[in-house]
Each structure stands twice: as C-alpha cells, then as structure tokens.
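Q: I have a structure open and I'm not sure how to read it. Can you walk me through it, one feature at a time?

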Amino acid sequence: MSADIDWIALSVFIFFFALVTVMGFFAARWKAGPVDSHLDEWGLGGRQFGTWITWFLVGGDFYTAYTVIAVPALVYAVGAYGFFALPYTIIVYPFVFAVMPLLWKTAHAKGHVTAADVVHDTYSSRGLELAVAITGMVATMPYIALQLIGMGVVIKAIGLTGELPIVAAFVILALYTYSSGLRAPALIAFVKDIMIYIVVLVAVVVVPAKLGGYGAVFSAANDAFTAKGGAAGLTLKSSQMLAYASLALGSALAAFMYPHTLTGIFASKSADTIRKNAILLPAYTLLLGLIALLGYMAYAAHIKVESNNDVVPMLFKVLFPSWFSGFAFSAIAIGALVPAAVMSIGAANLFTRNVWKSYINPGISHAGEASVAKIASLAVKLGALAFTIFLPTQYALDLQLLGGLWILQTFPALVFGLFTRWFRAEGLLLGWAAGILWGTWTAWSNGLKPLATLNLGGSAYVFYVGLGALILNIVVAVIGTVLFDLTSPRTATAKA
Amino acid sequence: MWVLLLVPFVGLLWVPFYNFQEPSLFGFPFFYWYQFAWVPICSLLIWLVYRSRKPDETP
C-alpha cells in the first residue's frame, strides 16, 4: 500500500471523527440523568433505551468494525467456510428472543448491572460470581484490541503511518466514555450505523455493476480458488460441514454472553424492547452477509494484498473516488469506537460490581460505584491500547479466539438458572473449569485453531472446540450437581 | 408456537441440505441465496411467536 497521504480521504475522515467526538461529549446531557451519581446512569445509560436506540446500540456493538474488515478477509482467504458468520448471526436471534427477556426481567427486578450479579443472586456463590466476572473481563480485552486493529487498518489505508493517529483516536474515545458513559456510544451508534448502511448499500450495488454482475463476481472467485488447488471453494468440502455448523451454533450461543452485548440488553427499557429487537436486528445480518461478499469482489477486481485484512480498504481505494473511500474508512473507524466503548463499559461494570464491591468495599455508595467504573474503563482501554502497540497482532487474534471459547463456558451458569434451580453452584463451577481447561488445552495443542478432531469408528469429525467444551461443561455440571446432592444435601437457603 | 423458533436452527445447521452451487439466483449460488433467504424468514418466524404470546403482566 502506498505511503502517500490521501488528503481528500483524510479530510473527510477528520470531519466525521470530529463530529462524533463532539457528540460523544455532548451525550452526557442527552436523555439527561445524573451520570455521576449512580452506576445505572453511567454504565447502563439510565436503563431507559427503547426499541430504536437499542437497535442502533446493539447493532453497533455486536456487528463490530473488526467484522467489516475480518469477515471479508476470511471469505477472501477460505471461501464458503468464512461465511459461517451468516448462519451464526441468524440463529442467534431466536435464542435472544427466548432467553434475553427473562434475563432482563431478573436483572431489572433486582437492580443487577452485570451477568455475574445475576449469577450471584441465583446461586449465592461468590466463587461462581468471580468465575463469570473474570471470564467476561479477560474475554473482552482482546476484543477491544481487535477494534483498534480494525481502526489501524483503515488509518493505514488513508496513508497515515505510525502509532500516533490511533493513540490520539483512543485518548479521545477514553475521555468521552469517561465523562458520558453508555450514552456516548449509544448516540454515536446512530451516526456509525447509518454511515455503514450507506457504505455497504452503495458498495453492493456499484461494485458488482463495475465488475460485471454477481455472476461474474462468484465465477471470478471460483476460478481463483480452483487455481489455488481447490482446498477452498464456493461451497463447503464434506469435511468442513460439521465445523461450519458447530462454529455457527457455538458462536451464536456465545454472542450474548459477552459483557458488551449484555450491557445493551440490561440498558433496555423493557423485556418487550428486547423481543422487538430480536425481530428487527436481523437487518444487520443481511448487511453482514453482503459485507462478506466483498471478499469475493476482491477477486473480480483483481486486487492483490499483502495481508488479507487489507482486502476491504484496497477494494474501496481501487473502485471509488477518494471522498467516498474517506467516508467508508470513517464509517469503519467510528464503527470501532462504538463497540470499544461499550466493551470497556461492560468490563468496568464487572470489575466494579463483582470485584471491587464484592471483595474490596462492600459498603460502596451508588456514586462510588460510578466513579470506580469510570476509572476502570480507562484502565481497560489503556490495557487494550498497550496490547495493540506492544504485542504482535497475532496475539490479539489468538486471544480473541480463545476469548470466544472462554465466554461460552459462562453459558450454563448464566442461562440455566433462568429456567431451573436444579443445578448447584459447585457443579456449575466445576463444569466451567472443565470446559475452560479442556477447550484451552485443545485449541493450544492444535496451534490455536478453533477446531478439534474426534475419531469415531474410523471416521474423523472436525468441530468447533468451544462447543465441545460447552458440552463437556454441561456434563460435568450435571454430574457435579448429582454428586454434591449425595454428599451434602441442599439446605433451605436456595431461593425460590 | 414456540417450536417455530427451532426451525432456523434446523434449516441452517443441517449443512448437507444447502451445500450446492445450483440452482443459482441473480448470480448467487444456492449456498448463498439460501442462507440470505433465512434472514427474513427468521424475522418472520420470531414475529409470529411474538404475536401469539401473551403480553407481559406489567410493563
């Protein structure tokens, strides 16, 4: 990529960045509430977001900037297999519809702010609460780092080099998140999502028109995969099918265990807000599927890249005038700010409620919680920034992959309690540990690939490690619960 | 009605059902347009369940 600065693109980029910065600071006064007096205000925007705000907020932080870069890059590299993001982001919504309103009701009735709050209230177990809280914080950190990497890719495409632009962007983000809390990303999400919709709708109409239609795009990709030797293609190899389905299912179950997605849930006004969003959010999935196709368009446009992550920026630079690529790059960079802000808020809420309040200062006031969370959000973001600058990009990718596997292991503790009180904290904690240990060890020994192989009756089954670990987790939790029931019968403390 | 929520799981997780190039539609191979088609179908199914359920007791 050329190191020359594209001044037109840069001007457009700076204009939009300045716009959202002003909005970010202004957000503290939006839907006014006493931001500093209560964690519900800073960390959940006052629990008042209705259907449209929640749609923009959850859409903005679930479909992250990194997705816009990474999904087409994966489709470009491995073909049909990279498309698992589409079934994943479809089947997640029946799950959200069935489960998340129940979680919201529990959280709303008791004033819970985090997943670990809900778990502690259900099982009265500090150990399980801490396990859920730490898993959430550890899984979120590399995810924030990935957003920075996504932002770095587009900043590089404009022609700016060095770490300074990204540090500057991040300091601004950190400051307005600190002062406005969740209101800042919620307000900026409107701008980000509208920009991304414009970019993608223009791209999926204009690019195929320039390249000879979708038929030509798919056949160019097909030719390229055939020329590479046919390990990837436009459809799945039979050995990839189970991996594809299990990645889609495992990712869908993990998606709403992350602190940033749950923050969007807890911040909604009512259970019905969440149900309506389960019906409306798939619009973003359509967008994501179209974005994924940019990976094939790169073949039709004969784009050559050093790193797969440059596929999307290069496609825009080659096919569009500077002002539009500048607009597209701003959309992606602003798209990184929204999830990065919500993730740091989600992690800060966990730290405040489930580490600080539980272990350091149980008598903390509501205003005290808000100020601890504000400082924690700064620390989380600094950590992610240091991660991006000082460690190789691959570490963030590997850790994010492991993060998905880890966060999925909190599923039984968080979700089962909404439907049954049969499970015991001891069993769930053992299951969590078994899932994390087996999953991490298996992914590690396969060279940090998300897939595991099971040999049964002479045939090999390749599947997503996270889902395997979840099954092990549940089995151990069931056995653990039965054994603990035998050795130490339940006391009457279990809450109805 | 709640069983409708399971339909997308069956339709999308049973991969051998749609792992083909033909028939294509508007240049999209079957594998792609089939999965795209599930996006509105899934919304529709959830909406049907939403409509059929009893409203929350309290707002």
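A: Sure, and keep in mind that this is a predicted model. Let's begin with overall shape, using chain B. A compact globule of 59 residues would have a radius of gyration near 10 Å, but chain B has 15 Å. The spans along the principal axes of its C-alpha trace are about 50 × 20 × 15 Å.

Q: What does the radius of gyration say about chain A, with its 496 residues?
A: Here the rule and the model agree, because a compact globule of 496 residues would come out near 23 Å and chain A has 22 Å. Along the principal axes, the C-alpha trace of chain A spans about 70 × 65 × 40 Å.

Q: How many helices and strands should I look for in chain A?
A: Look for 21 helices and two strands in chain A. Chain B, by comparison, has two helices and zero strands.

Q: What share of the residues of chain A count as buried?
A: Burial here goes by counting neighbours: 20 or more other C-beta atoms within 10 Å makes a residue buried. In chain A, 58% of the 496 residues count as buried. In chain B, buried residues make up 27% of the 59.

Q: And what share of the contacts in chain A links residues 24 or more positions apart?
A: Take the contacts with a separation of 6 or more: in chain A, 83% of them are between residues 24 or more positions apart. For chain B, 53% of the contacts between residues at least 6 apart join residues at least 24 apart.

Q: Which residues have the most contacts inside the largest nonpolar core?
A: Those are Leu148(A), Ala248(A) and Ile332(A), in a core of 194 residues. Try Ile332(A) on your screen: setting aside neighbours within four places in sequence, its contacts are Ala65(A), Val68(A), Ile69(A), Gly150(A) and Val154(A).

Q: How do I read a helix that packs against others?
A: The general idea is that an α-helix has 3.6 residues a turn, so residues three or four places apart point the same way. Now find helix H19 (residues 411-419) of chain A, where Phe411(A), Pro412(A), Ala413(A), Leu414(A) and Gly417(A) are buried. Those buried residues of H19(A) pack against several helices of chain A, including H6 (115-123), H7 (126-158) and H21 (465-487).

Q: At what angle do the axes of H1 and H8 of chain A cross?
A: Helix H1 (residues 7-26) and helix H8 (residues 164-180) of chain A cross at roughly 25 degrees, and their axes come within 8 Å. An angle under 35 degrees counts as roughly parallel, so H1(A) is roughly parallel to H8(A). On the H1(A) side you'll see Thr21(A), Gly24(A) and Phe25(A), which meet Ile172(A), Tyr176(A), Ser179(A) and Ser180(A) of H8(A). The residues of this contact divide into three nonpolar, four polar and no charged.

Q: Is Met195(A) buried or exposed?
A: In between, actually: Met195(A) has 19 other C-beta atoms within 10 Å, so it is partly exposed. You'll find Met195(A) in helix H9 (residues 183-211) of chain A. Not counting residues up to four places away in sequence, Met195(A) touches Ser330(A), Ala331(A) and Ile334(A). Also, Met195(A) and Gly335(A) sit 140 residues apart in sequence and 9.0 Å apart in space, C-alpha to C-alpha.

Q: What should I check in the backbone?
A: Most residues other than glycine have a negative phi, and most peptide bonds are trans. Leu448(A) has a phi near 55 degrees, a positive value in a residue other than glycine. Leu448(A) is in the loop between H20 and strand S1 (451-456) of chain A. Phe26(B) also isn't a glycine, and its phi is positive at about 50 degrees. With 9 C-beta neighbours inside 10 Å, Phe26(B) counts as exposed. Phe26(B) lies in the loop between H1 and H2 of chain B, and Pro23(B) has its place in that loop too. The peptide bond from Glu22(B) to Pro23(B) is cis, with omega near -5 degrees.

Q: Last one: how many residues of chain B are in contact with chain A?
A: There are 26 residues of chain B in contact with 31 residues of chain A. The largest share of chain B's side, ten residues, comes from H2(B). By type, the residues on that side of chain B are 20 nonpolar, five polar and one charged.

Notes
Residues are numbered from 1 along each chain as its sequence is written. Chains are lettered from A and ligands numbered from 1 in the order in which they are written. This is a predicted model: local features need pLDDT of at least 70, side-chain atom pairs count only at pLDDT 80 or more; totals for chains, interfaces and linings use all residues. Two residues are in contact if their C-beta atoms, placed from the backbone, lie within 7 Å. Helices (H or I, at least four residues) and strands (E, at least two) are DSSP runs, numbered from the N terminus. Ala, Val, Leu, Ile, Met, Phe, Trp, Tyr, Cys and Pro count as nonpolar, Asp, Glu, Lys and Arg as charged, and the others, Gly among them, as polar. Axes are lines fitted to C-alpha atoms, for helices over the stretch in contact, and angles run from 0 to 180 degrees between N-to-C directions. Angles under 35 degrees count as roughly parallel, over 145 as roughly antiparallel, 65 to 115 as roughly perpendicular and the rest as oblique. The radius of gyration is taken over C-alpha atoms; the globule rule is 2.2 Å times the number of residues to the power 0.38. A residue is buried if 20 or more other C-beta atoms lie within 10 Å of its own, exposed if 12 or fewer, and partly exposed in between; C-beta atoms are placed from the backbone. A nonpolar core is a set of buried Ala, Val, Leu, Ile, Met, Phe, Trp, Tyr and Cys residues joined through C-beta atoms within 7 Å.
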